Each structure stands twice: as structure tokens, then as C-alpha cells.
Amino acid sequence: MSSEQEDLKETDTEERFAFKKEESSAFKTEKGLTEETIRLISEDKDEPEWMLERRLRALRQFKEMPMPTDWPGQPDLSEVDLDEIVPYIRPDIDTRGGVDEWDDLPEDIQDTFDKLGIPEAEKKALSGVGAQYESEIVYQNMQERWEEKGVVFCDMDRAVQEHEEIVREYFMTKCVPPSDNKFAALHGAIWSGGSFVYVPEDTTVDMPVQAYFRMNSEGMGQFEHTLIIAEPGSEVHYIEGCSAPQYAAFNLHSGGVEVFVKEDAHVQYSTVQNWSKNTYNLNTKRAIAENGATMEWVSGSMGSKATMLYPSTILKGRGATDNHITIAFAGEGQDIDTGAKVYHNAPNTKSTIESKSIAKDGGRTNYRGLVHIADGAENSSTSVECDALMFDNDSTSDTMPYMEIQESKVDVAHEATVGKIGDEDVFYLQSRGLDDDDAKKMIVAGFIEPITEELPIEYAVELNRLIELEMEGSLG
Amino acid sequence: MARLEIRNLHAEVADDEEETILEGVDLAVESDEIHALMGPNGSGKSTLAKVVAGHPAYRVTEGEVTLHLDGDEFDEPIPEDKRTWDLLDLEPNERAALGIYLGFQYPAEIEGVTMVNFLRTALNAKFEEREELFEDEEDEEEAEEAGYDTSPMEGPADEGEVGVAQFQEILRGKMELLDIDDRFADRYLNAGFSGGEKKQNEVLQAAVLEPEIAILDEIDSGLDIDRLRDVSTGINALRDEEGSGVLMITHYQRILDYVEPDRVHVMLDGQVVMEGGPDLAEKLEDKGYDWVREETYGTA
């Protein structure tokens, strides 16, 4: 009898517990993401306590912040299902992002790889299928040369272990704190992978540092963090991503990039992103430029369902310079909302922003930019040029170039154009022998020429080719 | 020897059926001939040029535009059943491939595309399109049955392409002929060109693309006397060097001092109402278009 009673009691307790669990999860707005999950990630990576603390603090901030919905004309984010995120980030669950077999990739992505002529092994690695590939060796060789100079280029997770003091000082503290925006907070909680680059004083890295080579390192892709520290007088060109489409099973990419450009240092950050067309691409990228430093952002935004990306530079030191070059392309069903932000917080600072966007088949591009010149940042100058080209009447292009000028002794230049591909222009080229498609391709290539001519040649070629492929409309 | 034949051509503005511009044009131009097409403003001269080239803003409601080829125009002999083309069935670029060229009154400005890149692309596109037009359909069918996209005899598409170096030679030659500055080649297509430079460029493009029939719409307007001379040299060379037929649309007698036409046509209210030799142009200069109206309708 007594044992029967005990059974009853136990059942009772379990039932009550289960009920309680249900109730508590129903109260949470983001029921998918819990402290437990974050602890698991951190533990799996064997992270120091402070990193776990940062992740947990970021998680709390993420939960407190509302989804951004009040920006004028912003992309619709209602389909970002954060409840679904857990299976893709928890190390104890096997089904992380990506697919296991090449054949499981959507056909349009397989197609693009084929058309770009990317070798089989790289295709698999880049698309998230399969393991490491031969380029790892190339990367290894480069790394040895850099190490002699004291340059560090490694996986962000490894940097937490091996360069703990530097990472602790710079990681999401002064440049992109998690409180910056909801997705920065999310990123701070669940970040994984990415690159750490450290260039010592007066050192020039004479070859672009490419994340391309190690795209398939663990935790690749979706929530990677990049931290670049260029000490005084140093110089480095970092290239992220490549034109090959990146397939992600979970539909959110939320990367974080922090760049520290110390006195008289020079950093160029180039990226071409081509996310699969189910992806929401919401990134936070920011640089801080000290006295006499130069920061350059080169961004090509292709692919994705919606992108919100506004690389920012804080011109903190006297005489610091920023250059932004952005190209965006939106096809059917895509909403590409990109731009640039520059804060002139010191005298004699200079910024130039050049943006070109192309919208086709009902796609939408928006240039959203902010130039802020603080009171006292005298003799600063800024030049903003944003041009948008539309293929047809179904497509939309907007420009929202905000200016906040609090100082009177400044030089501000701004130019914006929005236009449609002219029928007369197309006919002119057709009358010379080009067919309708080639005529339009030529007009688009000419439209982005001022930008592509500033890119490294192989990059320009890749970008042109990708835009051509997109225009053929054969990629779905 | 190519011959462009326009018969009873009627056309209206595509999105406005009320507006009829061509009311039955008859006109023919052959290789090795220069024809002048004259007439008052609004008589339909420019529309005729655009309709022949395939401009989508106009709809043909009646009539024919035919191109007859002899068979020896291009590198390969043309089979007999491919010598007559109904141009109205073809896309603008297909017409260009067969040798129709339109020199625009207001050429488009294309930023970011260099002249040399544009012209080489156009020349290669023309060759490629021509190859497709003259492909033997039977071969095609056979190839398809055998599981190929195109005839296996055809070889890779790039085979006949004019390379960068080769094209630069071609372009330099043509530019010398027309006394055009070397720097032209690297400028963006018509972008920031003066009115005169644009017209010169239309003639240069014709010289490079070597058309069978070139229609030049008001190629002489807005030119100073030196440039008028250069442009005229170019037009004469088109006939004398390339053997092209030229239909030159103009308001003025002036260019005819440098380019002597074999035939002169006069348009009025959407029709060609008068034809004659070079002396007709002089008569027009003396008597004006009112005289044409009188001759056509009986009274002024």
C-alpha cells in the first residue's frame, strides 16, 4: 500500500513540474533561446567565464529589446522565426545549418556554383557541405609567413583561448556593444566562429587576408564574429566571403564585425555576400578610426530575402578618413536595404560614400545612410553619392541619405539619382547588334563601372559575372 | 549587292493608334548608292528610319520592308533561300546583323561603357547573330535529333570572335580614316560628347560595323564646317570603301555640297512624294517645300 502511495506522489510531482515548465515558457517572448542553451554553447567551446557572462548579458539585452519595426520603409522581418534558432546553434544537436549532401542543395544554388566554375571540392566546402579542402594548405603557408611578423589570423573561437587578453579588451566592448541593436545583442549571445586578425605596429600585410579559405570551419556562417585590430602605422586588407552563394537552412544571418584602426593605420574590409534567397541578412559592422587612420569598406550585397546592412565608421581621431563603396542588387522578392554610416567626431576628418544599387523584377533596393558631423569637427568634409537603377516598373529604389551636421566649418557634398533603364538606350545598343539582354547587361555594367574599377581586378570580375548571372534570371 | 525595299509602309505610334505617321511609304536603296531623304519637319523622315531599324515605339499597320541580299555580302556564301528577309519580322539586333545600320539624330549616352569595349562587343554580337540567322535548319534538326543543341559542324561560339588586339587595329584604322582623335576609343559611349562629336561617332560606328544599308538621321545637324567635312568624308567612304548603301536624312542642302547623292527623295505628310537626281535637291533649295506641297496637292 505504502509503495503505491509513493508512486502516486511521484506522478503528482512530475505532473506539476511539467505544468510549471509549460507555463514559464508561455510567458517568454523568445521561448526558443534560453540561458541553458547559451551555457551549452559556451561550455562546448570551453570558454572562460567572462565570455559566458558576456553572452548571458547579451541574451538578457536581446530579450528586452523589441524587434525594430519603426524604421521608415524597412524590410519586413516578420518571417524571422527566432523560435526555430535553437537547433542550429546548440552544439548538442546534430542538425546544424547547412545540408549533408551536395544533391540536397536547392537547384538554383547548384546552378550558380556550376556557372561560376568553382571546383567541386570548394563548392562543397563553401556551400556548407563536406569538410575541409585543399585551400587549407595555401592558407597554412600564408599563415607561417605572417606569424614571423607577429600577425595573427585565426578562428575567433581559437582567439578567445589563445589571445584572451586582447579579445577580452576589444570583443563587443567599445565598438559594437550588444546594446547597439536587437540583432547585435542576439549575435553577442550566440556568436560562433568568424575571424580574428591582429596586425602589429608598422606592419603591412602585403596580401589580402581572406576569410574565404576557411569558410567551412566549425560554426561557419551564420553568427560569425570578426575582430580586426590594426595597430598604429599598420596596413591590412581583409576580404570576407565570396560570390558563391551560401546556403543556410536557418533563415537568419546575423554577423558582427569590429574593426579598430589605430593611429595612421589603414584597413580595407571587402565583402561580397550572396546569401540564398530565403535568408534574412542582418549584420552589424563598425570601425573606429583614430588620428590619421583610414578605413575603407567595400560591400557587394547580393542574394538574401532581405538585407539590412550599414557598415559604420566612427572617425574618432583628428584627420581620420573613411571611404565607403557599396553595390546592391535586388531581384524578384528581394528587399536589399543597405547603406553607410559615418560619425565625424574630430576635426579634419573626411568621408566619401559611393553607393550603386540595381533593382529588377519587382525587387527593392534602398540606400539608407547617415553622415553625422559633430559640433567641433571643423574642417571636415563629406561627399555622398548614391545612384539607383531600375530595370522595370515593378521594381523599386529608394534613397534615404540622412545628414546631421552640427558644425558650420565643413564641406558637404551630396548627390542622388534614381533612374530606370531607358528604352531609348536599350534600342540604341540593339540597333548596333546587341540583343535585348546583352544591351541591358552592358548598361548595368557601365552603371557600376565607377565602383568596379576601384576593386581588385579578380573581385571586380567576379562581381560583374555574378550580376550578369542574376540578370539572366536563370537563378530563380 | 544588297537592296532595301520599303513598300506601302504604314505605321502609327504604338501606344496611340490615333497618331498615324507613315501613310504608305515607297522607297528603295541599294549598295554603292547614296540617297538623300528630304522633307519638312514632321513629314515622317525620322519615324521611317526608326521603323526600318525596329524601334518598339511604332507599330506597322500595313506594308513591307524587305532586304534582298545577293549572296556574296558576307564571308560565307548565302544559300538562295536565305537571301530575302522580311525585316518587320525581326528584332532590331537581327536587322543589325543582316546589315541595317541606324545613325541616330540624338544618340544615347551610355556611362561607364568605353567606345572600344562597346564596339567590339557589338561587332562580335553581330557576327554571332548572323551565324544564327544563316544556320541551316536541316542541319539544326539533324543535330537536335542526335542530341546536340546546335549543329556539331558549327564549332564553339567563340571561335570567330574578334579579339581585343585585333579589334584595336580595326578601330585605329577607321579612326584615322575619319580623322578622329585617338582618345575617342577610351571615352564612355557618347557621354559628355559635344553634338558634333556624337555625329562623328555615329559615322565611326557605321565604318566599324560595315553595314549593307546605313540610314543616317540628320547626321549633318549641329556640325561646324570642319566637322561637316569630316562627317562627309566618312559617308563617302562608307559607299566608296565599304560598298554600303546610304540613306541620308537631311533638312539642308549644305551637306550635299560634300556628299553628292545618287538619288533624292522628298517626304511630305508620311509619304514619299517626289524623287529625282541631285538636281532635285538644288531645286528644293531654291523653291522650298511649299513648292513640293503645290506640286503634290495642286495648290499651296
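Over all chains, the structure holds 31 salt bridges, and because this is a predicted model, the pairs described below are computed from predicted positions. Between chain A and chain B the count is one salt bridge, while other pairs lie within a single chain, among them A:Arg286 with A:Asp180 and B:Lys198 with B:Glu109. The briefing goes on to the contact between the chains, the nonpolar cores and the make-up of chain B.

**Salt bridges within the chains**

- In chain A, the side chains of A:Arg286 and A:Asp180 meet in a salt bridge with an N to O distance of 2.7 Å. This pair links distant parts of the chain, since A:Arg286 belongs to strand S10 (residues 284–289) and A:Asp180 to the loop between helix H9 (164–170) and helix H10 (182–190), 106 residues apart.
- The two partners differ in exposure: A:Arg286 is buried, with a relative accessible area of 10%, whereas A:Asp180 counts as partly exposed at 32%.
- In chain B, a salt bridge of 2.8 Å, N to O, joins the side chains of B:Lys198 and B:Glu109. Here too distant parts of the chain are linked, with B:Lys198 in helix H6 (residues 195–209) and B:Glu109 in the loop between strand S6 (100–103) and H3, 89 residues apart.
- B:Lys198 is buried at a relative accessible area of 15%, and B:Glu109 is partly exposed at 39%.
- B:Asp226 forms a salt bridge with B:Arg229, where the closest N and O atoms are 3.8 Å apart. Both residues lie in helix H7 (residues 225–240) of chain B, three residues apart, which is about one turn of the helix.
- Both of these residues are partly exposed, B:Asp226 with a relative accessible area of 48% and B:Arg229 with 43%.
- A network of salt bridges links A:Asp335, A:Asp337, A:Arg364, A:Arg368 and A:Asp398.

**The contact between chain A and chain B**

- The contact takes 17 residues from chain A and 33 residues from chain B, and the area buried between them is about 1,900 Å², with carbon and sulfur atoms giving 66% of it.
- On the side of chain A, the residues that lose the most area to chain B are A:Phe427, A:Tyr428 and A:Arg432, which together account for 41% of what that side buries.
- A:Arg432 also forms a salt bridge with B:Glu202, the closest N and O atoms being 2.6 Å apart, and eight residue pairs are in polar contact between the two chains.
- Helix H11 (423–430) and helix H12 (436–452) of chain A each supply at least two residues of the side that touches chain B, and the largest share of that side, six residues, comes from H11.

**Nonpolar cores**

- The largest nonpolar core has 120 residues, and those with the most contacts inside it are B:Leu4 and B:Ile235. Its largest share, eight residues, comes from helix H3 (residues 115–133) of chain B.
- Domain 1 (102–309) and domain 2 (422–476) of chain A both give residues to this core, so the core lies between them.
- Leaving out residues up to four places away in sequence, B:Leu4 touches several residues, including B:Leu27, B:Val52, B:Leu87 and B:Ile215.
- A second, separate core of 33 residues includes A:Trp146, A:Met295, A:Trp297 and A:Val342.

**The make-up of chain B**

- Chain B has eight helices and 10 strands, and 53% of its 300 residues count as buried.
- Among contacts in chain B between residues at least 6 apart in sequence, 71% join residues at least 24 apart.

Conventions:
Residues are numbered from 1 along each chain as its sequence is written. Chains are lettered from A and ligands numbered from 1 in the order in which they are written. This is a predicted model: local features need pLDDT of at least 70, side-chain atom pairs count only at pLDDT 80 or more; totals for chains, interfaces and linings use all residues. Side-chain values use heavy atoms; hydrogens and water are left out. A nonpolar core is a set of buried Ala, Val, Leu, Ile, Met, Phe, Trp, Tyr and Cys residues joined through side-chain atoms within 4.5 Å. Buried means under 20% relative accessible area, exposed over 50%, partly exposed in between (1.4 Å probe, protein chains only). Helices (H or I, at least four residues) and strands (E, at least two) are DSSP runs, numbered from the N terminus. Domain bounds come from an automatic or database domain assignment. Contact means heavy atoms within 4.5 Å. Buried area is the accessible area (1.4 Å probe) that two parts lose on being put together, summed over both. A salt bridge is a side-chain nitrogen of Lys or Arg within 4 Å of a carboxyl oxygen of Asp or Glu. A polar contact is a pair of N or O atoms within 3.5 Å; within protein, one must be able to donate a hydrogen and the other to accept it, and residues adjacent in sequence count only if both atoms are side-chain atoms.
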